Amino acid sequence: MTEHTIVHLSDCNIYQQDNLVLQHVNLNITKGEFVYLIGKTGSGKSSLLKTLYAALPLNQGKGTVAGHDLKSLSRRSIPLLRRKLGIVFQDFNLLDDRSVEANLVFALRAMGWTDMAKMKARINELLERVDLKGKTIKCPTPFRVGATAGGHCTGLAQSPQLIIADEPTGNLDPETSDEVLLLLRKLAQENDTAVLFATHDYRILENFPARIVRCHNGKVFDEEDVVV
Ligand SMILES: Nc1ncnc2c1ncn2[C@@H]1O[C@H](COP(=O)(O)OP(=O)(O)OP(=O)(O)O)[C@@H](O)[C@H]1O
Ligand SMILES: [Mg+2]
């Protein structure tokens with residue numbers, strides 16, 4: 001682990017209830033790194049991600065995310081951890097009839113912002129950075145990062161240290177998926193934000209190559225370690 005480490009898991013066992021989903025998990029992600037998380041349905045991708053944002057407790061092994069020790073995390077410090085994260089789900093209700101700007105306003109409101117002038121300034125700044133100003137993206141899922149479980153709010157608008165995306169492009173058409181990917185990668189590069197992106201979409205992996213981590217047979221492998 002170095003000062004550039006954003007995620008560090010060492011020999012972690014991850015459970016859903018009493019069911020051991022992933023064992024002996026080792027995972028290191030550094031600042032600004034883009035990492036795909038792949039694996040079959042039920043292989044444990046979401047469980048791994050939930051552990052990282054403390055929706056599942058870590059009881060066995062060592063885990064650190066954005067400087068927070070997952071094992072000794074108190075209920076009170078969970079919001080502090082989540083404030084450093086951007087969490088994106090597929091099954092957030094999508095506002096596919098709204099522009100990017102409108103969705104960002106919605107997301108910022110969900111994060112507790114109230115001052116419209118401040119919101120507009122922040123949104124313009126963000127969109128200019130990613131060349132999306134004035135465009136309408138159907139289902140701009142990454143912006144729907146407002147509320148996480150328990151009402152703790154976090155999101156892209158706060159330049160998170162780590163974006164955790166659980167199949168955010170699952171419902172999107174290919175063109176929009178690509179825009180989402182480009183946006184995420186640009187944000188990651190410019191803000192040194194790490195991204196852990198769970199997906200089933202091999203087209204995305206081919207179009208935007210990056211490190212791949214796979215959940216398989218109850219374990220987590222870096223793709224180069226997997227014997228195909
Ligand atoms: N809330 C829960 N309670 C009990 N078991 C669960 C719960 N959620 C998931 N599981 C089980 O944990 C295992 C891993 O599920 P998980 O959702 O992490 O897989 P996944 O890789 O995200 O799958 P998918 O690709 O379908 O999203 C599965 O066997 C699943 O049935
Ligand atoms: Mg899942």
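In this predicted model, two residues are taken to be in contact if their C-beta atoms, placed from the backbone, lie within 7 Å.

Q: Among contacts between residues at least 6 apart in sequence, what percentage join residues at least 24 apart?
A: The protein chain comes to six helices and ten strands, and 39% of its 228 residues count as buried. Among the contacts in this chain between residues at least 6 apart in sequence, the part that joins residues at least 24 apart is 73%.

Q: Which helix gives the most to the shell around ligand 1?
A: Ligand 1 is surrounded by 13 residues, the closest being Gln16, Thr41, Lys45, Ser46 and Ser47. Two elements, strand 2 (19-30) and helix 1 (45-52), give two or more residues to this shell. By character, the shell residues divide into two nonpolar, ten polar and one charged. With three residues, the element that gives the most is helix 1.

Q: How many of the eight residues of helix 1 are buried?
A: Burial in this model requires 20 or more other C-beta atoms within 10 Å of a residue's own. In helix 1 the residues that count as buried are Lys45, Ser46, Leu48, Leu49, Thr51 and Leu52. The helix is therefore mostly covered, the number of its buried residues being six.

Q: At about what angle to strand 1 does helix 1 run?
A: Strand 1 belongs to an open sheet of four strands with the order 2-1-4-5 and antiparallel pairing. Helix 1 lies across strand 1, strand 2 and strand 4 of the chain, and its direction relative to strand 1 is about 120°.

Q: Which strands stand at the edges of the open sheet, each with a single partner strand?
A: The four strands of this sheet follow the order 2-1-4-5. Within it, strand 1 (residues 5-16) and strand 4 (residues 60-65) pair in the antiparallel sense over five bridges, and Asn13 stands opposite Gln60 in strand 4. One side of each edge strand is left without a neighbour in the sheet, because each has a single partner strand; these edge strands are strand 2 and strand 5 (68-69).

Q: Which strands do bridges join in parallel to strand 3?
A: Four bridges join strand 3 (residues 34-38) to a parallel strand spanning residues 194-198, where Phe34 stands opposite Val195. Four bridges also join strand 3 to a parallel strand spanning residues 211-216, where Ile38 stands opposite Arg214. These parallel partners are strand 8 and strand 9.

Q: Which helix gives the largest share of the largest nonpolar core?
A: The largest nonpolar core holds 43 residues, of which Leu48, Leu162, Ile164, Leu184, Val195 and Leu196 touch the most other members. Leaving aside neighbours within four places in sequence, Ile164 is in contact with Leu49, Leu52, Tyr53, Leu85, Ile87 and Leu196. The largest share of the core, six residues, comes from helix 5 (residues 174-191).

Q: Is Ala54 buried or exposed?
A: Ala54 lies in the loop between helix 1 and strand 4, and it has a positive phi of about 65° although it is not a glycine. Most residues other than glycine have a negative phi. Because 24 C-beta neighbours lie inside 10 Å, Ala54 counts as buried.

Q: What is the phi of His24, a residue other than glycine?
A: His24 is found in strand 2. Because 14 other C-beta atoms lie within 10 Å, His24 is partly exposed. The phi of this residue takes a positive value, near 50°.

Q: How far apart in space are Asp166 and Leu37, C-alpha to C-alpha?
A: Asp166 is found in strand 7 (residues 162-166), and it counts as buried because it has 21 C-beta neighbours inside 10 Å. Asp166 and Leu37 are 129 residues apart in sequence, while their C-alpha to C-alpha distance in space is 8.9 Å.

Q: How far apart in space are Leu81 and Leu52, C-alpha to C-alpha?
A: Leu81 has its place in helix 2 (residues 78-83), and it counts as buried because 21 C-beta neighbours lie inside 10 Å. Not counting residues up to four places away in sequence, Leu81 touches Ala54, Val65, Ala66, His68 and Leu73. Leu81 and Leu52 are 29 residues apart in sequence, and the C-alpha to C-alpha distance between them is 9.5 Å.

Notes:
Residues are numbered from 1 along each chain as its sequence is written. Chains are lettered from A and ligands numbered from 1 in the order in which they are written. This is a predicted model: local features need pLDDT of at least 70, side-chain atom pairs count only at pLDDT 80 or more; totals for chains, interfaces and linings use all residues. A residue is near a molecule or strand if its C-beta atom, placed from the backbone, lies within 6 Å of it. Ala, Val, Leu, Ile, Met, Phe, Trp, Tyr, Cys and Pro count as nonpolar, Asp, Glu, Lys and Arg as charged, and the others, Gly among them, as polar. A residue is buried if 20 or more other C-beta atoms lie within 10 Å of its own, exposed if 12 or fewer, and partly exposed in between; C-beta atoms are placed from the backbone. A nonpolar core is a set of buried Ala, Val, Leu, Ile, Met, Phe, Trp, Tyr and Cys residues joined through C-beta atoms within 7 Å. Two strands pair if DSSP finds at least two bridges between them. Axes are lines fitted to C-alpha atoms, for helices over the stretch in contact, and angles run from 0 to 180 degrees between N-to-C directions.
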